[in-house]
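I opened this model to look up a few things about how the chain is put together. My entries follow in the order I made them.

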Amino acid sequence: SPRVIKFVAEKTGYRINPLSQNKIDEIKGLAKGSRPDPTEYFDADYIAQHLAQFEDGAVKFMKKQSFDDYGIGQVDNTSCVMTKSQADQLLIEANGDIRALEKSLGLPQRFYDGHEVLRIDIPNPLDGNIRLPSGNEAGADDTFWIPGGLLPTGLSESVLDGTDEITDRLIETSLTF
């Protein structure tokens with residue numbers, strides 16, 4: 001079984017989800033499209049602290065073919081991202097293990113099989129309406145998404161819009177596994 005890289009989060013600002021399991025289950029139980037905005041269940045301080053983690057940049061890992069065909073945004077033009085510092089540490093600790101990367105990102109096993117994988121750096125994510133994911137985004141996987149802006153491993157996650165201000169400044173790096 002692939003290892004989950006939890007210690008990355010500990011080294012780069014691991015936070016525990018402040019929501020109770022009942023509240024998480026309640027929100028996840030709602031149909032995609034009807035989930036509440038995170039401002040309805042988190043206070044402004046939690047949201048500000050979460051988004052401050054992205055001031056030094058954000059990163060999205062994705063299949064090159066998807067990036068070439070559609071850019072960073074999903075059908076609704078949203079894109080799930082993680083902090084640059086956590087992405088840097090994640091790649092160091094994955095040490096070339098694609099399964100560890102998939103698991104740590106909350107992706108299904110073998111998600112990247114047969115695909116070139118890109119690291120997309122977003123130097124100025126605050127220009128893209130960065131926010132906590134609501135779970136209503138096209139890219140939110142009902143199995144893996146958790147309310148609170150955290151992946152199952154404790155890594156931070158936010159969502160932003162694939163605006164021109166963002167897409168004009170992306171840095172694309174091909175990864176080898």
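Before starting, I fixed one term: a residue is exposed at over 50% relative accessible area, and buried at under 20%. I also noted that this is a predicted model.

**Helix α3.** Which residues of α3 are exposed? I found Ala-44, Asp-45 and Gln-49 exposed on one side of the helix, opposite the buried ones. The buried residues are Tyr-46, Ile-47, His-50 and Leu-51. They sit on the same side of α3 because they cover an arc of only 120° around the axis. That fits the general rule: an α-helix has 3.6 residues a turn, so residues three or four places apart point the same way. I then looked for the cover over the buried residues of α3, and β4 (158-161) is included in it. At the N-terminal end, Asp-43 caps α3. I read 3.2 Å from a side-chain oxygen of Asp-43 to the backbone nitrogen of Asp-45.

**Nonpolar cores.** How many residues does the largest nonpolar core have? I got 25. Those with the most contacts inside it are Phe-42, Ile-72, Val-81, Ile-120, Ile-122 and Leu-160. At least two residues each come from α2 (21-28), α3 (44-52), β1 (58-63) and β3 (117-122). I then took Ile-122 by itself. Leaving aside residues up to four places away in sequence, Ile-122 touches Gly-57, Ala-58, Ile-72, Val-81, Leu-160, Ile-166 and Leu-170. Another core, of 13 residues, lies apart from the largest one. Its members include Phe-61, Ala-87, Leu-101 and Leu-151.

**The sheet.** I traced an open sheet of five strands in the order β4-β2-β1-β3-β5, with antiparallel pairing. The edge strands are β4 and β5 (171-175), each of which pairs on one side only. On average, neighbouring strands are turned by 40° against each other, direction ignored. I checked one pair: β1 and β3 run antiparallel over six bridges. Val-59 has Asp-121 in β3 as its bridge partner. Helix α5 (residues 84-94) packs on this sheet and touches β1, β2 (78-83), β3 and β5. The direction of α5 makes about 70° with that of β2.

**Positive phi.** Most residues other than glycine have a negative phi, so I searched for exceptions. Asn-95, not a glycine, has a positive phi of about 50°. I located Asn-95 in the loop between α5 and α6 (98-104). Is Asn-95 buried or exposed? Asn-95 counts as exposed because its relative accessibility is 66%. Arg-110 is not a glycine either, and has a positive phi of about 75°. Arg-110 is in the loop between α6 and β3.

Key
Residues are numbered from 1 along each chain as its sequence is written. This is a predicted model: local features need pLDDT of at least 70, side-chain atom pairs count only at pLDDT 80 or more; totals for chains, interfaces and linings use all residues. Side-chain values use heavy atoms; hydrogens and water are left out. A nonpolar core is a set of buried Ala, Val, Leu, Ile, Met, Phe, Trp, Tyr and Cys residues joined through side-chain atoms within 4.5 Å. Buried means under 20% relative accessible area, exposed over 50%, partly exposed in between (1.4 Å probe, protein chains only). Helices (H or I, at least four residues) and strands (E, at least two) are DSSP runs, numbered from the N terminus. Contact means heavy atoms within 4.5 Å. The arc is that of the directions from the helix axis to the C-beta atoms. A polar contact is a pair of N or O atoms within 3.5 Å; within protein, one must be able to donate a hydrogen and the other to accept it, and residues adjacent in sequence count only if both atoms are side-chain atoms. Two strands pair if DSSP finds at least two bridges between them. Axes are lines fitted to C-alpha atoms, for helices over the stretch in contact, and angles run from 0 to 180 degrees between N-to-C directions.
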